[in-house]
Amino acid sequence: LRSLPPADGVAYRVWPNLSSCVAGPHVAGIPLTDPLIGSQSFAVFSGTDRSGAGIGEDGEDRWQGMDVDALVFLMIGRIDKLGGLRDRLVGSGSGFGAEGGAEGGRRRWAGGTPCAVVRSAGRPEQTVWRSTLSSIVEDIREDLGEGCETVSPAIFVVGRTAELDLRPEGRSGT
């Protein structure tokens, strides 16, 4: 960690090797793991393909069948792509969900699974929407208005840790 002289009147610090997949949720108060709620693992994906999901060359979603407690999707921008990704997650029947039990060793990402979208992480205009998979898109549209088509730049966190707000200044959720 080193502090640098102000650039354009703004002081800043450099944290080498700190990925946005961890730093973005962290500055929003969202840990990616938490032993108190039993969340011990996470996986990170890009959300930039045409349908809004991390599809591999074989057409499979890379997160399908993964036994992790949280998913992090980077580069979530367009709200319609976020909706497409949400629909794929709820329809996947794989991963951990807030509803339903284990099915053949796998649990689904259910509509009631907590999630969060962190927009402009770490910047003064940072916005955090916490919701469930079934209502995150509608909650964002309600907040921004129907004419808004993007939340870029944004990170999408899916899993129980998305409910947490560990920021010291309060637990406002926004």
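Me: What makes the nonpolar surface patch of L18, V22, F42 and V44?

Reply: In this predicted model, these four residues form a patch of about 290 Å², and a patch is made of residues with over 30% relative accessible area and no salt bridge (a side-chain nitrogen of Lys or Arg within 4 Å of a carboxyl oxygen of Asp or Glu), with nonpolar side chains joined within 5 Å and like charges within 9 Å. Areas come from the Shrake-Rupley method with a 1.4 Å probe, where for residues only the protein chains shown count as cover.

Me: Why is V22 called partly exposed?

Reply: V22 has 35% relative accessibility, and since buried means under 20% and exposed over 50%, with partly exposed in between, V22 therefore counts as partly exposed. V22 is found in helix α1, residues 20–27, helices being DSSP runs of H or I with at least four residues, and strands runs of E with at least two.

Me: What makes β3 and β6 edge strands?

Reply: The open sheet has the order β3-β4-β7-β5-β6, with mixed pairing. β3 (42–46) and β6 (127–132) each have a single partner strand, so one side of each is left without a neighbour in the sheet.

Me: How do you know that β3 is joined to β4?

Reply: Two strands pair if DSSP finds at least two bridges between them, and five bridges join β3 to β4 (residues 70–78), running parallel. V44 stands opposite V72 in β4.

Me: On what do these values rest?

Reply: Residues are numbered from 1 along each chain as its sequence is written. Local features need pLDDT of at least 70, side-chain atom pairs count only at pLDDT 80 or more, totals for chains, interfaces and linings use all residues, and side-chain values use heavy atoms, leaving out hydrogens and water.

Terms used:
Buried < 20%, exposed > 50% of the residue type's maximum accessible area, 1.4 Å probe, protein only.
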